[in-house]
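Biologist: Can you pull up the model for me? I'd like to go through the aromatic residues and then the helices.

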Amino acid sequence: IVWRFSIEDLSKVKGIIPISILIAILIGFWPEFGNILSIRRTIAFFPFFLLGYSFSKEKFEEMLTKKNIVKTLLYIVVLILVSIGICIFINTKDITLSMLLMGTYKISQDALYRVLIFIISILMIILTMLVTPNKKIPLITKIGRNSLLIYLVHRFITLVTAELLPYTNYSWLYIVYSLL
């Protein structure tokens, strides 16, 4: 709701995307921004909403209709970068649930983890856009058209998944489970 009410005014600010990314990283240094009304996460995830808002349908369609060679090479590069990022992230023993939920930093180094989370997330968004077909696929289009139920139920699925796959012992199998 906060994003929806503020987006029109904030999107007019020159350089708002880098500013929002900087604020999203810096917010972790202030424990005063608690979890009341999820204010910290609202600020930390705002750059993604802002990028989606400012990325026009025309830009998206243009990206999906480029030559297949360029698209394939870009896909491979992004896949490699995402894989490297995930490997670094999974092999880090200092990952906490607070980091994944955009909590307050325990030490200054945690800001680097947030930057890594942002980079991996943006690369995954690009990868998703690259593999998204630009034509209708009957079953998938029908499911997507009726995805409100998925949106409403997904939180329960993530809670069950968090219980079955505790974040304290990540393994390569988690990537397979996530993809499934």
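Modeller: Here it is; we can take the aromatic pairs, then two of the helices. Keep in mind that this is a predicted model.

Biologist: How many aromatic pairs does the structure hold?

Modeller: There are six aromatic pairs. One of them is Trp 3 with Phe 49.

Biologist: Is the pair of Trp 3 and Phe 49 stacked or edge-to-face?

Modeller: The ring centres are 5.1 Å apart and the planes are at 25 degrees, so the pair is stacked. The cut-off for stacked is under 30 degrees.

Biologist: Which parts of the chain does that pair link?

Modeller: Distant ones: Trp 3 is in helix α1 (residues 2–10) and Phe 49 is in helix α3 (residues 39–54), 46 residues apart. Trp 3 and Phe 49 also belong to one aromatic cluster with Phe 46.

Biologist: How accessible are Trp 3 and Phe 49?

Modeller: Trp 3 has a relative accessible area of 26%, which makes it partly exposed. Phe 49 is at 21% and counts as partly exposed. The cut-off for buried is under 20%.

Biologist: What about Phe 29 and Tyr 105?

Modeller: That aromatic pair is edge-to-face, with 4.7 Å from centre to centre and 80 degrees between the planes. Phe 29 sits in the loop between α2 (16–26) and α3, while Tyr 105 sits in the loop between α6 (97–100) and α7 (110–131). The two are 76 residues apart, so this pair links distant parts of the chain.

Biologist: Which category does each ring fall in, buried or partly exposed?

Modeller: Phe 29, at 38% relative accessibility, counts as partly exposed. Tyr 105, at 11%, counts as buried.

Biologist: Switching to helices. What span should α7 have?

Modeller: At 1.5 Å a residue, its 22 residues should span 32 Å, and the end C-alpha atoms are 32 Å apart, so the two agree.

Biologist: Which residues of α7 are buried?

Modeller: Among them are Asp 110, Ala 111, Tyr 113, Arg 114 and Phe 118. The C-alpha atom of Ala 111 is separated by 7.7 Å from that of Leu 26, with their positions 85 residues apart along the chain.

Biologist: Where does Leu 26 lie, and is it buried or partly exposed?

Modeller: Leu 26 lies in helix α2. At 32% relative accessibility, Leu 26 counts as partly exposed.

Biologist: And α9, where is its kink centred?

Modeller: On His 154, and the kink is about 40 degrees. For the 17 residues of helix α9 (residues 148–164), the expected span is 24 Å; the end C-alpha atoms are 25 Å apart, which agrees.

Key:
Residues numbered from 1 in each chain as written. Predicted model: local features only at pLDDT ≥ 70, side-chain atom pairs only at ≥ 80, totals over all residues. Heavy atoms only, no water. Phe/Tyr/Trp six-rings, centres within 6.5 Å; stacked < 30°, edge-to-face > 60°. Helix = DSSP H or I, 4+ residues; strand = E, 2+ residues; numbered from the N terminus. Buried < 20%, exposed > 50% of the residue type's maximum accessible area, 1.4 Å probe, protein only. Expected span 1.5 Å × (residues − 1). Bend = angle between axes of the 7 residues up to and from the residue.
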